[in-house]
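Work through the exercises below with the sequence and the structure side by side. Try each task before reading its solution.

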Amino acid sequence: MHDKRFPASEAERLEDPERLLWLPLADVIGALAVHPGEAIADVGAGTGYFSLPLSSAVGAAGKVYAVDGQSEMLAWIKAKLDQTEFANIELIHAEAEQTGLPASSCDLFFLANLWHEIEDRVAVLLEARRVLKKGGRIAILDWRTDVEPVAGPPLAHRIAPGDALREMRLAGFEQLASAEVGRYFWLVQGEKVQ
């Protein structure tokens with residue numbers, strides 16, 4: 001994740017209120033079917049766009065691990081946490097390929113707008129399998145390849161949802177599903193059955 005990585009120096013763009021219009025939180029959280037008490041790895045958490053709503057969704061009995069490889073991004077989340085009462089979010093400075101999370105510790109391994117940045121997607125899928133409990137889910141949200149949005153990576157950097165599903169299947173995930181979310185995104189999900 002080097003030349004395609006979203007630069008932390010532009011983190012303010014992730015806080016643009018317009019983002020709520022073209023990446024509706026309620027639609028994504030609803031599609032993830034998150035339940036109270038679950039443990040979620042929000043991998044590539046950025047400024048916490050999803051970490052905080054996921055924290056609310058899992059409630060006090062749940063846990064959100066906000067994982068990001070850029071300490072500057074985690075600083076954004078920490079600043080938000082310092083102003084709120086979210087006690088169930090833990091910040092983890094790590095890459096998607098090696099999160100450092102305990103084996104079989106999470107119900108959901110979520111990657112938002114990160115899949116197109118990852119060079120070794122097989123390693124990330126293996127890490128997801130390691131971290132997920134039996135019956136745990138992986139969910140990958142990323143930019144559509146057929147729509148030029150107001151923001152986001154160049155079309156040449158994007159990955160089609162069918163390619164992500166194929167990679168997930170090869171990594172042993174089952175119960176695969178794909179959907180479009182908002183105007184610019186796809187969401188693919190799978191389950192760790194064994």
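**Exercise 1. The largest nonpolar core**

How many residues does the largest nonpolar core have, and which of them have the most contacts inside it?

Solution. This is a predicted model, and its largest nonpolar core has 31 residues. Those with the most contacts inside this core are Leu23, Val28, Leu32, Phe50, Leu54, Phe110 and Leu141. Turning to the elements behind the core, two or more residues are given by each of α2 (25-32), α3 (51-58), β2 (63-68), α4 (71-82), β4, β5 and β7 (185-191). Among these, α2 supplies the largest share, which amounts to four residues. Apart from this core lies another one, of 30 residues, with Ala39, Leu111, Leu114 and Val188 among them.

**Exercise 2. The surroundings of Phe50**

Which residues does Phe50 touch, not counting residues up to four places away in sequence?

Solution. Leaving out those sequence neighbours, Phe50 touches Leu23, Leu25, Val28 and Ile29, and it also touches Asp42, Phe110, Ala112 and Leu141. Asp42, one of the residues touched by Phe50, stands opposite Phe110 in β4.

**Exercise 3. Strand β4 and its partners**

Trace how β4 is joined to β1 and to β5, and decide whether strand β4 is mostly covered or uncovered.

Solution. Begin with β1 (residues 39-43), which runs parallel to β4 and is joined to it by four bridges. Next take β5, which is also parallel to β4, with six bridges joining the two strands; here Cys106 stands opposite Leu132 in β5. Then follow the chain from β4 through helix α5 (residues 121-131) to β5, since these three elements make a right-handed β-α-β unit. Finally, consider the covering of strand β4 (residues 106-112), where seven of its seven residues are buried, and the strand is thus mostly covered.

**Exercise 4. Arg144 in its loop**

Where does Arg144 lie, is Arg144 buried or exposed, and with which side chains does its own side chain make polar contacts?

Solution. Arg144 lies in the loop between β5 (132-143) and α6 (161-170). Its relative accessibility is 14%, and because buried means under 20%, Arg144 counts as buried. The side chain of Arg144 makes a polar contact with the side chain of Asp146 at 2.9 Å, and another with the side chain of Glu180 at 3.3 Å. If residues up to four places away in sequence are not counted, Arg144 touches Leu155, Arg158, Glu180, Arg183, Tyr184, Phe185 and Trp186, so that Glu180 appears both in this list of contacts and as a polar partner.

Terms used:
Residues numbered from 1 in each chain as written. Predicted model: local features only at pLDDT ≥ 70, side-chain atom pairs only at ≥ 80, totals over all residues. Heavy atoms only, no water. Buried < 20%, exposed > 50% of the residue type's maximum accessible area, 1.4 Å probe, protein only. Polar contact = N/O pair within 3.5 Å; in protein donor to acceptor, adjacent residues only side chain to side chain. Contact = heavy atoms within 4.5 Å. Pairing = 2+ DSSP bridges. Core = buried A, V, L, I, M, F, W, Y, C linked by side-chain atoms within 4.5 Å.
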